[in-house]
Structure formats: C-alpha cells, structure tokens
Amino acid sequence: MAEDMGMSVREVNGGLYLFQFYHKVDMDRILDESLVKVFGLRAGFKSESVLKRVGDAIGEFVEADPNNCVQKWCEFWRVRIKFDIRKPIKEAMKLNKGDSNEVIIVNFVY
C-alpha cells in the first residue's frame with residue numbers, strides 16, 4: 001500500500017485500485033490539479049486543438065496546461081481532463097492530420 005500526501009492506494013484486483021483520501025481537501029487537490037501527460041506529439045500536431053481532441057478522446061477536455069512547453073523539442077504536453085473513473089482508461093490513441101495520410105500514436109501517463 002502506498003501513502004502520499006493524505007491518501008493511500010492499494011490494488012484490490014488485477015488493475016483495479018482503491019484510493020482512500022484522509023481529508024476532502026486532499027481529494028479536491030487531486031481532482032482539481034491532476035494532469036495527463038501526452039507523449040508522442042510531433043511537429044504539426046502540437047496545438048491546443050490537437051490537445052482538445054486528445055482530451056476529449058480520453059474523457060472531457062478541460063484545459064491545456066498554460067505552462068506547456070512551447071519549445072520545438074518538448075517531450076510531453078499536459079492536459080487537464082475529466083473522466084469517468086469507472087471506465088477503463090486509455091493508454092494511447094492514433095491521430096491523423098487533416099487529409100494527410102500521416103498517423104502518429106500518442107501515449108498517456110496519468
């Protein structure tokens with residue numbers, strides 16, 4: 001069992017986890033401040049509209065992190081989303097650019 005900043009996490013059954021918060025403030029902090037990291041975006045795919053598509057594919061896009069890297073060689077982008085915790089979470093998705101045949105795979109870290 002892991003404990004960190006007012007919560008504990010334990011695996012209940014293969015891939016199913018129980019999160020226990022010791023105070024509502026801790027739960028609100030996790031729900032309000034947690035971001036998903038999106039890896040694998042290449043040039044031409046690094047825009048807020050692409051991040052919105054990614055966020056909506058996972059759950060419901062809320063906002064892109066205003067502190068996202070704007071450099072050409074950024075390794076990941078952060079997106080705030082809402083999603084139903086009762087549903088399995090996505091680990092990756094395919095994106096294509098407009099009418100182009102170019103397809104990329106993006107990965108997520110929650």
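**Group meeting: a predicted model, its aromatic pair and its largest pocket**

Good morning. The protein on the screen has 2 helices and 8 strands. What we are looking at is a predicted model. Along the sequence, the elements follow the pattern β-β-β-α-β-α-β-β-β-β. Of the 110 residues, 25% count as buried.

Allow me to begin with confidence. The mean pLDDT of the protein is 79, and 88% of the residues reach 70 or more. Where is confidence lowest, and where is it highest? The lowest value belongs to strand 1, residues 2–3, with a mean of 48. The highest belongs to strand 5, residues 60–64, at 90. As a general caution, predicted coordinates should not be read in detail where pLDDT is low.

I turn now to the aromatic rings. The count comes to 1 aromatic pair. The ring centres of F39 and F76 are 5.3 Å apart, and their planes meet at 45 degrees, so the pair is classed as tilted. The reasoning rests on two cut-offs: planes under 30 degrees apart would count as stacked, and those over 60 as edge-to-face. Along the chain, the two partners are 37 residues apart, and the pair thus links distant parts of it. F39 belongs to strand 4, residues 36–39, while F76 belongs to strand 6, residues 76–82.

Are these two rings buried or exposed? Neither label applies, because F39 has a relative accessible area of 23% and is partly exposed. F76 is likewise partly exposed, because its relative accessibility is 21%, and buried would require a value under 20%.

F76 has a further neighbour to report. The charged end of K37 sits over the ring of F76, at 4.6 Å from the ring centre.

My last topic is the largest pocket. Its volume is about 990 Å³. How many residues line the largest pocket? The lining comprises 21 residues, and those nearest the centre of the pocket are F19, F83, I85, I89 and Y110.

Which elements each supply at least two residues of that lining? They are strand 3 (16–21), helix 1 (24–33) and strand 6. Strand 3 gives the most, with 4 residues. Strand 6 is also where F76 of the aromatic pair is found.

As to chemical character, the lining of the largest pocket divides into 16 nonpolar, 2 polar and 3 charged residues.

To close, I would leave you with two features: the tilted pair of F39 and F76, and the largest pocket with its lining of 21 residues. Thank you.

Note on methods
Residues are numbered from 1 along each chain as its sequence is written. This is a predicted model: local features need pLDDT of at least 70, side-chain atom pairs count only at pLDDT 80 or more; totals for chains, interfaces and linings use all residues. Side-chain values use heavy atoms; hydrogens and water are left out. pLDDT is the predictor's confidence in each residue, from 0 to 100. Rings of Phe, Tyr and Trp (its six-membered ring) pair if their centres lie within 6.5 Å; planes under 30 degrees apart count as stacked, over 60 as edge-to-face and the rest as tilted. Buried means under 20% relative accessible area, exposed over 50%, partly exposed in between (1.4 Å probe, protein chains only). A charge sits over a ring if NZ of Lys or CZ of Arg is within 6 Å of the ring centre and within 35 degrees of the ring normal. On a 1 Å grid over the protein atoms alone, a cavity is a set of points where a 1.4 Å probe fits but cannot get out, and a pocket is an open set with protein on both sides within 12 Å along at least five of seven lines; lining residues have an atom within 4 Å of a point. Grid points are joined across faces, edges and corners, and a volume is the space filled by probe spheres set on the points. Ala, Val, Leu, Ile, Met, Phe, Trp, Tyr, Cys and Pro count as nonpolar, Asp, Glu, Lys and Arg as charged, and the others, Gly among them, as polar.
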